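Let's work through this structure together with a few short exercises. Each one sets a task and then solves it step by step.

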Amino acid sequence: MQHFPIFLNLRGAHVVIGGGGDAALAKLRLLLKTEARITLCAPAFLPEISAFRPRVTLVRRPLLGCDLHGARLVYAATEDDAEDARIRAIGQQAGVLVNVVDNLAASEFITPAIVDRDPVVVAIGTEGAAPVLARKIKARLESELPAGLGTLARIGKTFRAMAEHLPKGAARRDFWAEFYDRAGPSALAAGEDAVRETLDTLLSRHLAKDPAPGHVDFVSAGPGDPELLTLKARKLLDRADVVIHDRLVSVGILELVRREAQIIGVGKEGYGPSASQSDINTLLVNHAAQGAHVVRLKGGDASIFGRLDEETDALDAAGLDWQVIPGVTSASAAAAGLGQSLTRRGRNGDLRLVTAHDMQGFAEADWRALAAPGAITALYMGKRAARFVQGRLLMHGASPNMDVAIVESASCPDETRLQTTLNDLPHAAAKLRGPAIILLGLSPRRAQQTQTETELAL
């Protein structure tokens, strides 16, 4: 992100526009929505600009340094490159933020496309890369945001002090959600007085409610791609008071968490620093017991090698409510990247999901079944156990030429697919650094998108 979006308070601030033509008029129309004091400097002005006097001050000469005394912003909008460069230099010397119209590289700030439902304002920026796309997004938002939204927000703003009688967190959010989603829009048709009466009635009802008990949602974060989250998971991330997440939950998914939520990482890493399971259980119980809505965010599917039962047992023992939101497990995402199915008629009638580690170290399995011709196995957390797995499979009759596909960072932009054999599995697994899943018995269908072990070494 090159440009950080902020909303600048322009009440009473001085904003200067250098220019009197079409470019200056476009910026002026936008700035007139604010409470700024606006001055335009140019030898001549379009009649449309002159019509805005006395709301704006017109100075009939080129912009000078004295015009920027006490100014907050200056726009170089003369449509003349040399004159715009001169204004930019004056602005920089005066310490005023400068925007050079249609010149992103020379500008210190940009003016986004705006959807105006005052006091609700949506700003849309594309870093100057796609203004047509920004306008398309603006048009879509204009059609989806009702015209009365600004009126509801304005009335709601006057009521915020009263709403603070509700406890912080979910109780207050539920009150405002009901007002903006249902009660407010329904009352608006009868006028602003009806909206205010609705707020009073709504607040009385919410104040009379018993505090909601704490609750834990075990949300499956999927393999990493935020678009693979379920709709239910996405909604819960937006409502959570506390989010407790695993190490492998991607940054893109954590960015979807409500900004005010408390985010706690409890990563576990093989042979590395880890949060103990008892500490995680204590965190869940303590936050939920205090009435918080807790999301326990687990990579992949929460019910597959996620120690789900240990955490739900702790909540049951504390008498706390919980639910599990299923998701896409890494094996499914990895197979999808390979263009393969995990089961196929005539090839394998079962599928085994196996972890390479348990509480004692490397995990044992039904190796003879895993080594059988046609068997398909998804091996989780198997990079460091690759030589152990190879040895067990060879001891139980597996072919050294068994197909093996390793998918690193499945579903993510940096996903890597490696085709190898059981004979070369330890050597291939050692080359990978990110989270990987090993698919025994599968080879990539999309060979042209898959790196061989030799290519990965280059």
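Two strands pair if DSSP finds at least two bridges between them. Keep in mind throughout that this is a predicted model.

**Exercise 1. Find the bridge partners of D217, V242 and H245 in strand 11.**

Step 1. Begin with H245, whose bridge partner in strand 11 is L297.

Step 2. V242 has V294 of strand 11 as its bridge partner. Strand 9 (residues 242-245) and strand 11 run parallel and are joined by four bridges.

Step 3. Now turn to strand 8 (residues 215-220), which pairs with strand 11 in the parallel sense over six bridges. Here D217 has V295 as its bridge partner in strand 11.

**Exercise 2. Work out the strand order of the open sheet, and say which strands stand at its edges.**

Step 1. The sheet has five strands in the order 10-9-11-8-12, with parallel pairing.

Step 2. Strand 10 (262-265) and strand 12 (321-325) each have a single partner strand, so one side of each is left without a neighbour in the sheet. These two strands stand at the edges.

Step 3. From one strand to the next, the twist averages 20 degrees.

Step 4. Add the helices that lie across the sheet. Helix 11 (residues 277-289) lies across strands 8, 9, 10 and 11, at about 155 degrees to strand 11. Helix 12 (residues 308-317) lies across strands 8, 11 and 12, and runs at about 170 degrees to strand 8.

**Exercise 3. Decide how well strand 11 is covered, and sort its residues by the way they point.**

Step 1. Strand 11 (residues 293-298) is mostly covered, as six of its six residues are buried.

Step 2. In a regular strand the side chains alternate between the two faces of the sheet.

Step 3. H293, V295 and L297 point one way, while V294, R296 and K298 point the other way, and all are buried.

Step 4. Look next at L237, which lies in helix 9 (residues 231-239). With a relative accessible area of 0%, L237 is buried. Beyond its neighbours within four places in sequence, L237 is in contact with residues including V295 and L297.

**Exercise 4. Describe how helix 7 and helix 8 pack.**

Step 1. Helix 7 (residues 170-188) and helix 8 (residues 192-207) pack at an angle of about 145 degrees, and their axes are 10 Å apart.

Step 2. The crossing of these two helices is right-handed.

Step 3. The contact includes F175, W176 and F179 from helix 7, and L199, L202 and L203 from helix 8.

Step 4. By type, the residues of this contact divide into 12 nonpolar, three polar and three charged.

**Exercise 5. Explain why C66 is not bonded to C41.**

Step 1. The cut-off needed here is that a disulfide is a pair of cysteine sulfur atoms within 2.5 Å.

Step 2. The closest cysteine sulfur to that of C66 belongs to C41, at 8.1 Å, which is too far for a bond.

Step 3. By this rule, the count of disulfides comes to zero.

Step 4. As for its surroundings, C66 is exposed, with a relative accessible area of 56%.

**Exercise 6. Pick out the backbone features at P54, P119, F305 and R307.**

Step 1. Most residues other than glycine have a negative phi, and most peptide bonds are trans.

Step 2. R53 and P54 are joined by a cis peptide bond, with omega about 5 degrees. P54 is found in the loop between helix 2 and strand 3 (56-59).

Step 3. Another cis peptide bond joins D118 and P119, with omega about 10 degrees. P119 sits in the loop between strand 6 (113-117) and strand 7 (120-124).

Step 4. F305 is not a glycine, yet has a positive phi of about 55 degrees. R307, also a residue other than glycine, has a positive phi near 55 degrees.

Step 5. F305 lies in the loop between strand 11 and helix 12, and R307 is found in the loop between strand 11 and helix 12 as well. F305 is partly exposed at 37% relative accessible area, and R307 is partly exposed at 40%.

Terms used:
Residues are numbered from 1 along each chain as its sequence is written. This is a predicted model: local features need pLDDT of at least 70, side-chain atom pairs count only at pLDDT 80 or more; totals for chains, interfaces and linings use all residues. Side-chain values use heavy atoms; hydrogens and water are left out. Axes are lines fitted to C-alpha atoms, for helices over the stretch in contact, and angles run from 0 to 180 degrees between N-to-C directions. A crossing is left-handed if the near helix is turned anticlockwise from the far one by less than a right angle, and right-handed if clockwise. Contact means heavy atoms within 4.5 Å. Ala, Val, Leu, Ile, Met, Phe, Trp, Tyr, Cys and Pro count as nonpolar, Asp, Glu, Lys and Arg as charged, and the others, Gly among them, as polar. Buried means under 20% relative accessible area, exposed over 50%, partly exposed in between (1.4 Å probe, protein chains only).
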